[in-house]
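Visitor: I'd like to go through this one with you, mostly the charged pairs and the core. Where shall we start?
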Amino acid sequence: MDIQSSASKTALMVCAYRARASRWPKPLFVDPWADTLAGDDGHDIARRLDQQFAPMETWLALRVAYLDRLVAQAVDRLSIRQVVILGAGYDTRAARLPRAGVSYFEVDHPATQAAKRERLGRLEGYPIDAAIYVTCNFEREDPIERLVASGFDATEPALVIWEGVVPYLTEAAVRATATRLASGLDPRSLVAFDYVGKKLAAGANLSAKDQQTRDYVGELGEPIQFGTDDPLPLLYDCGFRWVRSLDFNELALELLGDYQRDRQFRFQHIALAAVRTPVAGWP
Ligand SMILES: C[S@@+](CC[C@H](N)C(=O)[O-])C[C@H]1O[C@@H](n2cnc3c(N)ncnc32)[C@H](O)[C@@H]1O
């Protein structure tokens with residue numbers, strides 16, 4: 001997205017998947033705004049991806065539900081008062097999971113953030129002031145500097161959610177951003193992000209379906225650029241000293257109660273990172 005100035009289309013696409021997952025008979029979460037926010041364009045982009053990668057809706061639903069739970073744990077059990085959403089897209093957690101005294105900072109590329117604010121302005125009843133909006137291009141700007149300029153308190157802990165963004169950045173931007181998070185956040189903070197495998201990012205030796213998925217996302221203007229099979233060495237280099245990775249099949253087993261081989265959860269994971277071991281029970 002660095003080279004272009006247009007708003008993210010993948011953000012609209014995942015918003016459409018959130019809307020669809022909200023309509024499950026037993027939803028893992030409900031996002032009442034996602035349907036309208038995604039609009040016809042978002043739903044259309046998602047429908048076209050269905051043909052290449054049918055498990056996308058389930059993948060998204062698990063990711064959102066897990067990260068929602070992390071937010072609830074942080075604010076309800078650990079009294080964390082700052083939630084930072086990096087590359088927020090059409091994220092509505094500030095409105096869906098509000099808590100007295102908790103500040104939500106939505107950080108995004110200026111083009112996507114402007115498009116989101118424009119769509120939010122047309123949404124009846126949306127609490128637009130629930131978040132503090134911060135622009136940042138991770139390819140060349142320092143997120144901590146941008147956050148602090150908007151009132152973020154770097155001496156207090158934060159939960160940082162970097163959802164659906166890392167694959168679209170260059171490795172240099174991932175490293176620079178992660179390094180600033182490790183050095184600039186209060187050490188009690190926790191960073192959560194999802195990542196894809198090296199093979200998908202490299203576009204080498206993929207199944208026909210995976211190759212089509214990769215191509216389709218690239219056609220949307222946001223090519224997959226970064227993947228890893230083990231983020232620990234990179235996170236160590238960046239200054240983190242506690243790292244955990246979660247597999248989406250494990251998440252599906254826990255949240256949906258089953259394992260299905262054809263879900264194609266081969267290349268996607270969630271990583272949790274902190275500069276020191278989190279307190280007991282967290283996460
Ligand atoms: C797939 S969307 C995910 C949006 C949101 N986190 C979600 O899960 O619904 C990718 C997001 O990454 C952001 N992004 C991509 N490249 C970026 C960059 N260089 N700087 C800042 N944000 C970027 C896009 O603006 C977009 O919001």
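Guide: Let us start with Arg69, bearing in mind that this is a predicted model: Arg69 counts as partly exposed, because its relative accessibility is 33%.

Visitor: Which residue does Arg69 meet in a salt bridge?

Guide: The partner is Glu254, with an N to O distance of 2.7 Å. Because Glu254 lies in helix H11 (residues 248-256) and Arg69 in helix H3, the pair ties together parts that are 185 residues apart in sequence.

Visitor: And what does helix H3 give to the largest nonpolar core?

Guide: That core has 71 residues, and those with the most contacts inside it are Met13, Met56, Leu70 and Tyr104. Helix H3, which covers residues 56-77, gives the most to this core, with 13 residues.

Visitor: What is Leu70 in contact with, leaving aside its neighbours within four places in sequence?

Guide: With that restriction, the contacts of Leu70 are Leu159, Leu190, Ala192, Leu272, Trp282 and Pro283.

Visitor: Back to charges: how many salt bridges are there in the whole structure?

Guide: The search finds 24, and one of them joins Asp31 to Arg96, whose closest N and O atoms are 3.9 Å apart. Asp31 sits in the loop between helix H1 (9-22) and helix H2 (34-50), whereas Arg96 belongs to helix H4 (residues 93-96), 65 residues apart.

Visitor: Are those two buried or exposed?

Guide: Asp31 counts as buried at 3% relative accessibility, and Arg96 is also buried, with a relative accessible area of 15%. Both belong to a network of salt bridges that also includes Arg18, Arg63 and Asp68.

Methods
Residues numbered from 1 in each chain as written. Predicted model: local features only at pLDDT ≥ 70, side-chain atom pairs only at ≥ 80, totals over all residues. Heavy atoms only, no water. Core = buried A, V, L, I, M, F, W, Y, C linked by side-chain atoms within 4.5 Å. Buried < 20%, exposed > 50% of the residue type's maximum accessible area, 1.4 Å probe, protein only. Helix = DSSP H or I, 4+ residues; strand = E, 2+ residues; numbered from the N terminus. Contact = heavy atoms within 4.5 Å. Salt bridge = Lys/Arg side-chain N within 4 Å of Asp/Glu carboxyl O.
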